[in-house]
Amino acid sequence: MKGHVFIIIIFCCIFYSCQNEITKKTKPNVIIILADDQGWGDLSISGNTDISTTRIDQIAKEGASFDRFYVQPVCSPTRAEILTGRYHPRAGVYSTSAGGERIDLDEHLISQSFQSNGYRTACFGKWHSGGQHPYHPISRGFDEYYGFTSGHWGHYFSPPLDHNGIIVKGEGYLPDDLTNHAIDFMSEQEDPFFIFLAYNTPHSPMQVPEKYWAKFKDKKIKGAPEDSLSQMHARAALAMIENLDYNVGRISDHLSKNALDDNTIIIYMTDNGPNGARWNGNMKGRKGSTDEGGVRSPFFVKWKDHIKANLKIENIAAAIDIVPTLSDLCQLDTPENWKTDGTSLVPLLLEQEMVWRDRMLVQHWRGNVSVRSQSYRLDHDDQLFNMIDDPSQSTSVTSDNSLIVDELLNFKTDWIDNVLTELPEIDKRTFPIGYHQSIPDHLPARDGKAHGDIKRSNKYPNDSYFTNWIRTSDSITWEVEILKEGTYDFSIFYTCSLENVGAQMSLQVGLQRLTFAISETHDPLLQGMIEDRVPRIESYVKVFRKLDIGPLRLSKGSQSLVIKATEIPGSMALDINRVSAMRR
């Protein structure tokens with residue numbers, strides 16, 4: 001009898017194991033491909049005759065395309081909404097740098113749902129949602145990360161990158177490199193997987209290999225201003241997008257060759273309007289604007305044999321809809337108290353019979369709030385535009401539609417009162433140190449504050465460094481939180497010319513202090529000028545040397561990290577790119 005019971009138990013274990021494996025294998029893989037600063041009009045399928053994007057277009061032709069899909073005017077707010085399904089002020093995102101790009105730690109991310117449902121998860125590329133753990137992607141539901149956590153990167157050819165928290169050197173042109181890593185991740189042959197492939201282009205600096213530039217360098221770009229600089233910028237952007245098209249094709253080809261195409265959902269989209277004046281369907285506004293041209297994105301969804309090919313959806317939709325849509329399509333178990341602002345698009349994608357209710361969507365940036373309904377847009381000045389009759393948003397119809405204006409204005413007011421007010425007036429979040437043992441926490445110049453004559457290498461904090469350290473009374477500070485009491489090893493990343501070697505420095509956290517000297521020169525050339533197709537507005541970059549400066553025993557809690565120069569024998573002390581700390 002006992003033997004029979006044992007056999008039955010073994011059989012049940014095998015049965016349920018097989019059932020779990022079947023369920024795991026039938027769950028669809030998911031790839032979200034996100035371009036950076038590409039406009040709705042930067043695709044041949046949108047009607048742009050200056051560019052050929054056959055592989056991106058193919059996703060739309062083999063799946064669904066949304067005619068009116070909306071994101072936010074700039075990068076980090078859109079990324080927060082893709083990942084949380086909630087309007088970005090709810091997630092604590094109000095800026096693109098200096099800590100304001102971070103998604104609050106109490107927010108649940110779609111990556112965490114995929115991970116907890118048995119998916120292998122990976123993020124490749126631009127994260128732009130927090131750099132230090134637990135804001136880092138590895139701490140937010142991703143098993144694998146390769147890219148940069150900043151808002152933009154200063155060099156696209158074999159730059160330093162973050163691989164699971166460790167700084168490594170990239171290999172080749174960055175979008176190609178990111179695609180290589182995505183393909184390698186898919187090649188591990190363990191379904192299901194979720195990949196967030198966030199490309200860095202066509203965001204500036206405008207760097208692109210000669211192979212793609214050659215096609216555009218002498219081409220007159222329609223829709224771009226006639227002046228030379230605007231034409232050059234548009235040419236570079238379109239060349240970078242054709243490289244994206246090549247890499248999207250590589251992803252699609254890998255799926256087909258490895259029998260993954262039938263059970264993989266692919267989404268293609270962008271994070272905001274175009275980053276320059278070029279053809280965008282004659283819409284008003286571009287990146288940074290809450291008008292139509294600044295927030296309309298292509299949105300293509302392909303899932304072979306599930307979503308009908310060449311399906312065109314007229315209903316308005318937005319980035320906040322991605323989380324509930326993927327949760328439904330993949331049948332994810334999600335937290336019971338997880339509330340999103342978005343709506344599942346599954347009934348539209350699968351053409352299910354239902355009554356689709358009219359809705360309103362909000363775009364917000366720097367105090368400007370715009371509301372979009374199916375037919376109208378109420379802009380940030382409370383002017384109403386009929387987007388069906390006037391897609392260029394050129395003629396106000398406010399005076400003739402008082403009832404519609406009141407409806408949209410009431411919605412806007414309610415959104416401001418109930419969503420925008422969730423952002424605190426003062427961001428009291430510090431930069432955490434010590435979340436993981438033996439993984440360094442980096443404090444880049446982006447997150448620090450300069451005092452005295454010290455200044456950034458550029459007014460845009462992302463990927464900048466501190467320079468002009470000419471007085472001993474000056475300092476750099478980071479407001480940090482030591483998450484665990486213990487011993488931390490500190491390093492700085494610096495450059496210093498030969499004539500300035502010898503500066504005496506100190507690093508202090510709370511009451512604990514280290515002293516060190518800059519005893520070796522490291523004075524590399526700035527990078528980027530040769531590769532830039534257009535003069536950049538961001539900082540040029542250089543290779544910084546790591547200097548280990550010693551350990552500190554730190555207590556838990558919020559403290560100020562301060563670096564000072566106690567002696568400056570030359571004309572200046574040094575340039576600093578970042579400080580790193582690692583808990584023993």
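Which residue in S29 is the bridge partner of leucine 443? Select leucine 443 and valine 579: valine 579 is that partner in S29. Helices (H or I, at least four residues) and strands (E, at least two) are DSSP runs, numbered from the N terminus.

The model is predicted: local features need pLDDT of at least 70, side-chain atom pairs count only at pLDDT 80 or more, and totals for chains, interfaces and linings use all residues. Residues are numbered from 1 along each chain as its sequence is written, and side-chain values use heavy atoms, with hydrogens and water left out.

**Strand S29 and its partners**

Select residues 575-583, which make up strand S29. Eight of the nine residues are buried, so the strand is largely enclosed by the rest of the structure. Buried means under 20% relative accessible area, exposed over 50%, and partly exposed in between (1.4 Å probe, protein chains only). Add strand S19 (residues 441-444), which pairs with S29 in the antiparallel sense over four bridges. Two strands pair if DSSP finds at least two bridges between them. Then add strand S24 (residues 486-495), which also runs antiparallel to S29 and is joined to it by eight bridges. Serine 491 is found opposite serine 580 in S29.

**A three-stranded sheet**

Go next to the open sheet with the order S10-S3-S13 and mixed pairing. Its edge strands, S10 (296-297) and S13 (317-318), each pair on one side only. Strand S3 (residues 69-70) pairs with S13 in the parallel sense over two bridges. Phenylalanine 69 is opposite alanine 317 in S13.

**Helix H9**

Select residues 322-329 for helix H9, where seven of the eight residues are buried. The buried residues include Ile322, Val323, Pro324 and Leu329. Just after H9, glutamine 331 takes a positive phi of about 50°.

**Aromatic rings**

Now show the side chains of Phe, Tyr and Trp. Rings (for Trp, the six-membered ring) pair if their centres lie within 6.5 Å; planes under 30 degrees apart count as stacked, over 60 as edge-to-face and the rest as tilted. The count by this rule is 16 aromatic pairs. In one of them, phenylalanine 142 and phenylalanine 194 have ring centres 6.1 Å apart and planes at 20°, so the pair is stacked. Phenylalanine 142 is in the loop between strand S4 (120-126) and strand S5 (144-148), while phenylalanine 194 is in strand S8 (residues 193-202); the two are 52 residues apart and link distant parts of the chain. Both are buried.

Move to phenylalanine 148 and tryptophan 153, which are stacked because their ring centres are 5.2 Å apart and their planes are at 10°. Phenylalanine 148 is buried at 2% relative accessibility, and tryptophan 153 is buried at 17%. For a wider selection, take Phe114, Tyr119, Trp127, Phe142 and Phe194, which form one aromatic cluster.

**Charges over rings**

Select arginine 120 with phenylalanine 185: the arginine lies over the ring face, at 4.3 Å from the ring centre. A charge sits over a ring if NZ of Lys or CZ of Arg is within 6 Å of the ring centre and within 35 degrees of the ring normal. Lysine 211 lies over the face of tyrosine 246, at 5.3 Å from the ring centre.

**A last stop in a loop**

Finish at methionine 529, in the loop between strand S26 (512-517) and strand S27 (545-554). Methionine 529 counts as partly exposed because its relative accessibility is 44%.
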